[in-house]
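Student: Could you walk me through this structure? I am new to it and would like to take it step by step.

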Amino acid sequence: MILHKNEFNDHDMGKLVKGAIVPRPIAWVSSMDGHGRKNLAPFSFFTVASMDPLTLAISVGEREREKDTAFNIKETEEFVVNIVSEPLANAMHETSRYYSAEEDEFEVAGITEAESVYVRPPRVMASPVSFECRLTQVVEIGTSNLILGEVIGYHLRDDIYMEKDKVDPHKLQAIGRMAGDYTFVRDFFPLPTDQLPE
């Protein structure tokens with residue numbers, strides 16, 4: 001099967017793309033508007049955009065629920081990316097629902113917040129890793145906003161830190177996004193270093 005872009009409208013490309021590009025890491029983004037109203041929402045179109053300067057990328061789509069995050073970041077130029085571990089999965093999913101800008105997802109989902117050091121939006125206290133970010137650029141692509149933020153603060157839970165600046169993946173307990181479901185990240189395997197492609 002091969003589809004040309006002219007045929008995309010005849011198919012549910014959202015399902016075809018999300019079902020193939022897996023597993024996707026989840027950015028649980030906390031933000032705040034100019035009036036101090038907090039927002040917490042998950043996004044699975046998320047990656048590292050650059051290591052120097054250390055910059056994260058999040059794609060925020062057009063749905064009304066997602067516009068709160070994009071609006072807040074554009075207004076205040078600050079946000080926090082919290083990594084979702086297994087114990088936080090249900091609460092994270094709860095914050096994916098639609099809430100008005102006046103509602104605090106931290107309270108709705110029963111999430112304890114922690115004060116950030118370098119930005120105003122709070123962190124998720126129970127998250128094993130949180131990145132405090134300052135907005136670098138917003139690139140409008142069709143109906144989405146590609147948000148680039150430089151990491152200015154890195155929070156790492158002590159028990160997942162390993163020597164030589166490694167993160168223990170077993171203790172991180174990160175979950176990923178599939179098409180309509182989620183996945184555990186538990187099985188790891190090395191590849192022979194002498195057989196790497198040129």
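Tutor: Gladly! Helices and strands here are DSSP runs, helices of at least four residues and strands of at least two, numbered from the N terminus. Please keep in mind that this is a predicted model.

Student: With that numbering, where is Glu-77 found?
Tutor: Helix α2 covers residues 64-76, and β6 covers 78-83. Glu-77 has a positive phi of about 65° although it is not a glycine. Its place is the loop between α2 and β6.

Student: Which residues is Thr-76 in contact with, leaving aside its neighbours within four places in sequence?
Tutor: Thr-76 lies in helix α2. A polar atom of its side chain is 3.3 Å from the backbone oxygen of Met-32. Contact here means heavy atoms within 4.5 Å. With the neighbours within four places set aside, the contacts of Thr-76 are Met-32, Asp-33, Gly-34 and Arg-120.

Student: Now the sheets. What is the order of the strands in the open sheet of seven?
Tutor: Its pairing is antiparallel. The edge strands, each pairing on one side only, are β3 (38-43) and β4. Neighbouring strands are turned by 35° against each other on average, direction ignored. The order is β3-β2-β6-β9-β10-β5-β4.

Student: In β3, which residue is the bridge partner of Ser-31?
Tutor: Strand β2 holds residues 27-32. It pairs with β3 in the antiparallel sense over six bridges. In β3, the partner of Ser-31 is Asn-39.

Student: How many bridges join β9 to β10?
Tutor: These two strands form a hairpin with two residues between them, and Gly-142 in the turn has a positive phi of about 60°. Leu-135 stands opposite Gly-149 in β10. Strand β10 is also joined to β5, by six antiparallel bridges, with Ala-57 opposite Leu-148. Between β9 and β10, which run antiparallel, the number of bridges is 12.

Student: Why is one side of β1 and of β14 left without a neighbour in the sheet?
Tutor: These strands belong to an open sheet of three, ordered β1-β13-β14 with antiparallel pairing. β1 and β14 (182-184) each have one side free because they stand at the edges, each with a single partner strand.

Student: Which residue in β14 stands opposite Ile-175?
Tutor: β13 and β14 pair in the antiparallel sense over three bridges. Opposite Ile-175, in β14, stands Phe-184.

Student: Where is Pro-53 placed, and is its peptide bond from Asp-52 cis or trans?
Tutor: Omega is near 0° for the bond from Asp-52 to Pro-53, which is cis. Another cis peptide bond joins Val-22 and Pro-23, with omega about -15°, and Pro-23 is in the loop between α1 (13-20) and β1. As for Pro-53, the bond is cis and the place is the loop between β4 and β5.

Student: Which strand supplies the largest share of the lining of the second largest pocket?
Tutor: This pocket has a volume of about 440 Å³. Its lining takes at least two residues from each of β1, β4, β5, β9 and β13. The largest share is four residues, and the strand that supplies them is β4.

Student: How many residues of that lining are nonpolar, polar and charged?
Tutor: The lining of the second largest pocket has 21 residues, with Pro-25, Phe-46, Val-48, Ile-83 and Phe-131 nearest the centre. They divide into 18 nonpolar, two polar and one charged.

Key:
Residues numbered from 1 in each chain as written. Predicted model: local features only at pLDDT ≥ 70, side-chain atom pairs only at ≥ 80, totals over all residues. Heavy atoms only, no water. Polar contact = N/O pair within 3.5 Å; in protein donor to acceptor, adjacent residues only side chain to side chain. 1 Å grid on protein atoms, 1.4 Å probe; cavity = no way out; pocket = protein on both sides within 12 Å on 5 of 7 lines; lining within 4 Å. Points joined across faces, edges and corners; volume = space filled by probe spheres on them. Nonpolar A, V, L, I, M, F, W, Y, C, P; charged D, E, K, R; others polar. Pairing = 2+ DSSP bridges. Axes fitted to C-alpha atoms, helices over the stretch in contact; angles between N-to-C directions.
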